[in-house]
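Dear colleague,

I am passing on the structure we spoke about, with the sequence alongside. My notes on a few parts of it follow below.

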Amino acid sequence: MPLIPSLWESKANRSLEFSCLRPALGAGAGSCVTSGGSRDAARAGPPKLAVCIAVIAKENYPFYIRSTPTENELKFHYMVHTSLDVVDEKISAMAKALVDQRELYLDLLYPTEDYKVYGYVTNSKVKFVMVVDSSNTALRDNEIRSMFRKLHNSYTDVMCNPFYNPGDCIQSRAFDNMVTSMMIQVC
Amino acid sequence: MDASEEPLPPVIYTMENKPIVTCAGDQNLFTSVYPTLSQQLPREPMEWRRSYGRAPKMIHLESNFVQFKEELLPKEGNKALLTFPFLHIYWTECCDTEVYKATVKDDLTKWQNVLKAHSSVDWLIVIVENDAKKKNKTNILPRTSIVDKIRNDFCNKQSDRCVVLSDPLKDSSRTQESWNAFLTKLRTLLLMSFTKNLGKFEDDMRTLREKRTEPGWSFCEYFMVQVSVPPGALDCWVFLSCLEVLQRIEGCCDRAQIDSNIAHTVGLWSYATEKLKSLGYLCGLVSEKGPNSEDLNRTVDLLAGLGAERPETANTAQSPYKKLKEALSSVEAFEKHYLDLSHATIEMYTSIGRIRSAKFVGKDLAEFYMRKKAPQKAEIYLQGALKNYLAEGWALPITHTRKQLAECQKHLGQIENYLQTSSLLASDHHLTEEERKHFCQEILDFASQPSDNPGHKIVLPMQSFAQLRDLHFDPSNAVVHVGGVLCIEITMYSQMPVPVHVEQIVVNVHFSIEKNSYRKTAEWLTKHKTSNGIINFPPETAPFPVSQNSLPALELYEMFERSPSDNSLNTTGIICRNVHMLLRRQESSSSLEMPSGVALEEGAHLLRCSHVTLEPGANQITFRTQAKEPGTYTLRQLCASVGSVWFVLPHIYPIVQYDVYSQEPQLHVEPLADSLLAGIPQKVKFTVTTGHYTIKNGDSLQLSNAEAMLILCQAESRAMVYSNTREQSSDAALRIQSSDKVTSISLPVAPAYHVIEFELEVLSLPSAPALGGESDMLGMAEPHRKHKDKQKTGHCMVTTDHKVSIDCPWSIYSTVIALTFSVPFRTTHALLSSGTRKYVQVCVQNLSELDFQLSDSYLVDTSDSTDLQLVPLNTQSQQPIYSKQSVFFVWELKWTEEPPPSLHCRFSVGFSPASEEQLSISLKPYTYEFKVENFFTLYNVKAEIFPPSGMEYCRTGSLCSLEVLITRLSDLLEVDKDEALTESDEHFSTKLMYEVVDNSSNWAVCGKSCGVISMPVAARATHRVHMEVMPLFAGYLPLPDVRLFKYLPHHSAHSSQLDADSWIENDSLSVDKHGDDQPDSSSLKSRGSVHSACSSEHKGLPMPRLQALPAGQVFNSSSGTQVLVIPSQDDHVLEVSVT
């Protein structure tokens, strides 16, 4: 009878080695969404939260996007951008619901090999997208929801700033700090 | 599948993916029964009742038996149900109670606990009975007891979870029976668990949860193999798993279902594509050359690791296994499979509207094509993706894709596109300095290449190369005269990372002539165009998408077009200044990657600046031009040439224009103050706009003198000479020569497009006195001049126009200039009486804003009658008259003989502005002529009120008597000779009407208030009228008025035409007119009462006419007297009426 090794062990080995094979972006032919090389290094750190947080305008351009600096930023940009497909789908499905029954939280948009992408949409169709490491099983639906709510509140504060020009990129320190608090603390 | 193979009518499926069953307990026992078990299990088909109303299927169950391990159990929160065991079997042959108690029970308990901890409820305990074993032992208990014990200990209420297998290895009917029962149980349980877990799996599939981490249930088999080649093997596993799940789904759904579930399955397609791609890269299948030996070794390892295909699918034509094997076998096969998968994925994404995902897969495909050195195929995917990112403004993906596109375009030899992309990348701040320099160098390298076709230009949009930030004109109003020099300074912000030498920078200028528009006249341009000369250009909003929602805001402006002559409003409206931005087509704005058809405009007018080095960042560039043709010049395009590469800004927006004007020489004469005052020296400003004419030495203005206007020559006159822009100025002496008819002003020498300004003093001589006649109540002086006089109503000053004809050196025609002078004073006169003594009062009112000093007032009788004397009662010879104030002068009229019926007077007074101490010239006095008629008093009217007899005072409410005494003061005079005069026996009498009116309603007149009397025309003739009046109030009350009218007999011509009402109207008008100078003018009410009284008498009869006696002829000697009225006793009654 062959023995089956733990799934996680083998995945860890794989991704470490695979990261060596992945061509870098600088070479001009890098595949961006395949796998995260530094994932395992981050596992040892403090409790993980989001790895990428994005605020996207109604017109789908990014107001704000930030990812953990250790990782390939471009990858997350592509990932968040692609997730807008699912956001759009969910919003249009939601449009049929009554206004007061509308849920702002869009749930899991899609999982990738290493990440889970969650979505949230405000009433003014501003989207929040959050990428979470899929190995982070500690993060439950409720935590994700509350993170989105916090994000939404902070975003509302930004909008309330009379010096903020609607449509501009968000450059608020308070918002930045809030996002930082939700992201993985890199040691 | 082969088409020739005949279809199986009752479809019975075998399991391609075997569910895992774990085995615990006695491993040797299990090994012994395993061959039979694995052989027997699939033999009988089972009916599989499926969830969601799907039709039941008959299937053959198979299992993959593995040894039990705790790690195999699904972890908390991990919903990967299918990857893990469906059934857990515990095998035991124990038949000894002691052994059971000692070890088996303990082991079972542990096993159960592990299962419980993972909430696994699918388990089975198998007790194998062995007759041989039983025989060996003597002290065996009945077998049932051990089964019962186990059931008792573990099965609780599920007694069916414990089965007995008797002598499994024997070949007896009992064994067969036992096997059948066991297998049925096993199948049932397996199917139950399978159905349950598959249901959960399907639910998960629907919500897309964990879809990629839960492939089919046969992965473990492959997984075992993969350990040897870790990264590739995992990819193989994922690929196969995805395809197997997809195939399975396809197997149990029809086309419509599959289509409707694309949203849920497309993720797996994409995942499989991705994995195949990485396998391809790993095995060197994605390259021009093909795999090298190392790649081949790796491929062989991988394929070997896959092992043999499962027998169930071995004979099908297509299986995921075969697909993978084939794909890895050759470069061509890989390409085919990879393209198939990619295209299928893109198509699926597109069909459900996930355009972004489709573009992303397309980009992978483009990368593949680039590796395969097929850039022509890659281009469309890169363009597609880039367009998408640009439209939504994702900077990083834009940069990344653009970089890929640059490489693609370079390989394709699309020079223009490549250069444009390079310029975009060179200005892209998301790239490193090195990368930007690289792309910039690419452009410069190309530009420096000697071209085979020297005239050939590569035209690229300027935006990415440099941006126009601002523009500044010098002169700042962007208006220049013909021949003048205009400087245009622009700020260009270079986006390049290195300094770039630019051969020339050219501004293409559009020239237009708008001769008819007054806005383009020199006057308008030099006066009205007052901008600060700096035009700012909005920065490019590069990172944001030019989407339909971010159109520029409407720039609306109010527009007023005024007439140039009198500044009155001609048209008004609202202008949208950026219509061209709003109305342009949307498509054209987005694609910057395409050669956007930037066309170089060929124009005759160019501003050029050669050999400029643009440093990174802001650069100042100055253009100089000499203005030639008059008109409007619009800056249209900005081009910068670097070798054969031309960067062009096709439209300069906001619109930048400058105007060149040519101007005719002109002369303007205007008063320095708001209005010119007659009689005193006033300053007039002369403005000579030289225009294109140059003032030479000896050029002069010839003014033909107007009769009543003097040009006062001063010793020192200076003229200021300005340039048209008012920037430079100088001053020069002015020479003025005056002769009888002509005043000559020699102008200082001035170049073209300059302005000469100087001031002259002029004096409008006071008009000759006016003759005040019967209608002199308004007392307006009426200058009898040949000039047109304007007399406006109200307190406006009387004006006089003087026309001056001026000959200018530049024209053969004379310029006629009209100057309007206002008379600062208004004069009125009045005749005052005291009994028979007469006074003339003259009121001079200053209407101007200036204060004056009046002096030497005279009133003379122009008829020069000797017996008439005008005695002034004015003491001061000098008197100030302030602005908007009046001064009164009074003379007493004295005569010795009979006074003349009328008197012609001339009033004159000297005046000078109070502010000026000394005037260079003596000023003429102000005069006013008027006529006074009928000034001699004919009648004296005296009224008296007496209290009722026996009372000392008048009381309110009690009747008092009013005595009116009318006395004739003179004998018959010339003025008496009119219609009312009747003669009988040498005695003359005239008819008078008296009327008692109380305007203040103090008195109630009882009985008739008016009456006609016949008055003898003789001195001291007296008429007495008695009336009753009642005081209405207590206190000192003024007497009611007594008025006297001449009562003229009716005139046939009048009476036949006028009815009673119009007579009243007519009469009241005459009363109004003649009674105006009475101290208190009659109110409508009192007049109405008079006429209604009179009209009632004369109703239906020809009406006589009333004529008020001229004010001078009647003297009321009781005017101003008052009578004391005391309140009556019962005056305290207060009347209150309640309605």
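In helix α13 of chain B, the buried residues are B:Val331, B:Ala333, B:Phe334, B:His337, B:Tyr338, B:Leu339, B:Leu341, B:Ser342, B:Thr345, B:Ile346, B:Met348 and B:Tyr349; please bear in mind that this is a predicted model. These buried residues pack against five helices of chain B, namely α7 (230-252), α9 (262-282), α12 (320-329), α14 (355-371) and α15 (375-392). The 21 residues of α13(B), residues 331-351, should span 30 Å at 1.5 Å a residue, and the end C-alpha atoms are indeed 30 Å apart, so expectation and model agree. Just after this helix, B:Gly353 adopts a positive phi of about 80°.

Helix α15(B) also packs against a helix of chain A, α3 (residues 73-94), at an angle of about 85° and with the axes 13 Å apart. Because angles from 65 to 115 degrees count as roughly perpendicular, α3(A) and α15(B) are described as roughly perpendicular to each other. On the chain A side, A:Tyr78, A:His81 and A:Leu84 make the contact, and they meet B:Asn388, B:Tyr389 and B:Glu392 of α15(B). Sorted by class, this contact comprises 3 nonpolar, 2 polar and 1 charged residues.

Finally, B:Ser319 sits in the loop between α11 (311-314) and α12 of chain B. Its relative accessible area is 4%, and B:Ser319 is therefore buried, the cut-off being under 20%. Leaving aside residues up to four places away in sequence, B:Ser319 touches B:Gln247, B:Glu309 and B:Thr313.

With best wishes

Note on methods: Residues numbered from 1 in each chain as written. Chains lettered and ligands numbered in written order. Predicted model: local features only at pLDDT ≥ 70, side-chain atom pairs only at ≥ 80, totals over all residues. Heavy atoms only, no water. Helix = DSSP H or I, 4+ residues; strand = E, 2+ residues; numbered from the N terminus. Expected span 1.5 Å × (residues − 1). Buried < 20%, exposed > 50% of the residue type's maximum accessible area, 1.4 Å probe, protein only. Contact = heavy atoms within 4.5 Å. Axes fitted to C-alpha atoms, helices over the stretch in contact; angles between N-to-C directions. Parallel < 35°, antiparallel > 145°, perpendicular 65-115°, else oblique. Nonpolar A, V, L, I, M, F, W, Y, C, P; charged D, E, K, R; others polar.
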